[in-house]
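Hello,

Here is the structure I promised to pass on. My notes follow below it.

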Amino acid sequence: MEALWVAAAFALGLLTSRLGLPPLVGYLGAGFALHGLGLRETEFLHHAAEIGVLLLLFTVGLKLRFQDLLEPRVLVAGGLHLLLFSLLALPFLANLPLALALAFSSTVLVVKVLEDKKELTTYHGRLSVGILVLQDLVAVGLITLYGENRISPWAGLILLLPLGRFAMTWLLEKSGHDELLVLFGLGLALLGGEGFRQVGLSPELGALIMGILLSGHEKGGEMAKALWSLKEAFLVAFFLDIGLREGLRDVEVGLVLTLLLLTLVKSPLFFGLFLLLGLRARTAFVSGMYLGNYSEFALIVGVVLERAGLLPQSLSTLALGVALSMALSAPLARYSHSLYKRLEARLLPLERKVAHPDQEPERLEGATVLIVGMGRTGGAVYRILEARGERPVGLDADPEKVAHHQAKGRKVFYGDAEDPELWERLDLSGLRAVVLALPDLEAKLLAARWLKERGFKGILAATSFHLEEDPALEAAGVTLLFHPFREAGERLAEKVLEKLAIMGEVSHGRS
């Protein structure tokens, strides 16, 4: 039976991913298809689905950055969107907690697209993740409020959990970087879930809090990455469980269409709120496109409401609506930068004429070399060029990296290489070279093409992590390619040969 589940999930997940859609749409489809063949969910699948949800909440807690969550634009835009969208959806659903749950955006989908495009640390990436975390906390509140747990007098013991943080961090540091790290994270998620269940509280809340206790630790992010694949595997069971349990027999087609029409409001609503809060049109548009979908948390809340007898619609209707919204949203989010480029002339006039928190530079203060992407490679390029008498200036879309370099006295500014407005306004006079030290291929290609459109005649250098990327970069106008992995090995070999030569000369002299 398990082999059939895995085979069906893999086949439909592969098909949907080839179509440019999130694989979880295929997993739900696999569940519906298996239900149609007469199969039903089992206790094993149900437990695996529950573990997937606990791991999801635990990793959300690990990534919780209170400074991002307390950002006024996150609180105001996220809070107002929850309120306005739920009020808009309420007349169609006649169920306030469900209307509120449908205001959530998909953490799994948005974070996955941001990670694929290497945009998690950009301004719009941080803004999107902050709003997702805010929504996730509201989701946990709904799950706790409408869950069937009866609170035990021992529930007060959870107030002592922060006292265990020292022991948890000590064990985290001793757990290494491989399977022990994964095992420790899995154990904490299950411990938090089962512990809270025993005292009558939501197990999802327990998993979230266990993650929060380790948030901010330098190995917390590493643990979240180590658990990513495990969490994704168990979440497959959650989506299969929904499809196998409900099937498509009670789907209300009219309500599904209503849900799809409602989801078309989410991105414009976010766009309008972000503009009102003083963000640039591009940031508002890209962030809104990422968040324009329904969340897997809507299904989790739906399951809780169904158990409590408070779900007026069938869970299969809700599942199909969520899946279709993700199918529509995923390609739009993935190509949001290109879409903005086409719509820029119409969207830019809507921008408020105020000082923007994501403002980009227009002049480079007499720089001779522009370095785009100030990570390890870009930072090293900056230091060497400066030491050799050049006047470098750096750009990066990660505000923390910008602040880090500025604190060291370097000329580094906020700038997103995928923003056409940056390249249209930036004064390139005096520049002799541009170095694209970016991890994402699409970002390098877009930047190179826009520099070419501006008529830049200097050296255009770029990192290339795979040889198959070279033709695309050269076609976009890159004149100098650097292969970090291959050339680092070549440089190491040269150093070894130099050392061997020196040792040989010393030995010869002594003889």
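A nonpolar patch sits on the surface of this predicted model. Its members are Leu70, Leu75, Val76, Leu80, Leu83, Leu84 and Leu87. Together they have about 590 Å² of accessible area. Leu70 belongs to the loop between α4 (66-69) and α5 (72-93). Is Leu70 buried or exposed? Its relative accessible area is 58%. The cut-off for exposed is over 50%, so Leu70 counts as exposed.

Thr169 is a contrasting case. This residue is in helix α9 (residues 165-174). Its relative accessibility is 10%. Buried means under 20%, so Thr169 qualifies as buried. Which residues does Thr169 touch, leaving aside those up to four places away in sequence? They are Leu214 and His217.

Now the strands. Start with β4 (residues 433-436). Ala433 and Val435 point one way from this strand. Val434 and Leu436 point the other way. All of these residues are buried.

β4 pairs with β1 and with β5:

- Strand β1 (residues 369-372) runs parallel to β4, and four bridges join the two. Ile371 has Val435 as its bridge partner in β4.
- Strand β5 (residues 459-463) also pairs with β4 in the parallel sense, over four bridges. Here the bridge partner of Val435 is Ala461.

How does the chain get from β4 to β5, and what is the hand of the crossover? The path goes through helix α21 (residues 441-453). This β-α-β crossover is right-handed.

Val435 is worth a look on screen. Its bridge partners include Ile371 on the β1 side and Ala461 on the β5 side. Val435 is itself buried, and it points the same way from β4 as Ala433.

Next, β5. Why is this strand described as largely enclosed by the rest of the structure? Because four of its five residues are buried. β5 also pairs with strand β6 (residues 480-482), again in the parallel sense. Three bridges hold that pairing. Ala462 of β5 stands opposite Leu481 in β6. The chain crosses from β5 to β6 through helix α22 (residues 470-476). That β-α-β crossover is right-handed too.

For a quick tour, begin at Leu70 in its loop between α4 and α5. Go on to Thr169 in α9. Then follow the chain from β4 through α21 to β5, and from β5 through α22 to β6.

Best wishes

Terms used: Residues numbered from 1 in each chain as written. Predicted model: local features only at pLDDT ≥ 70, side-chain atom pairs only at ≥ 80, totals over all residues. Heavy atoms only, no water. Buried < 20%, exposed > 50% of the residue type's maximum accessible area, 1.4 Å probe, protein only. Pairing = 2+ DSSP bridges. Right-handed = clockwise from strand over helix to strand, strands pointing away. Patch = residues over 30% accessible without salt bridge, like charges linked within 9 Å, V, L, I, M, F, W, Y side chains within 5 Å. Areas by Shrake-Rupley, 256 points an atom, 1.4 Å probe, with all protein chains shown as cover. Salt bridge = Lys/Arg side-chain N within 4 Å of Asp/Glu carboxyl O. Contact = heavy atoms within 4.5 Å.
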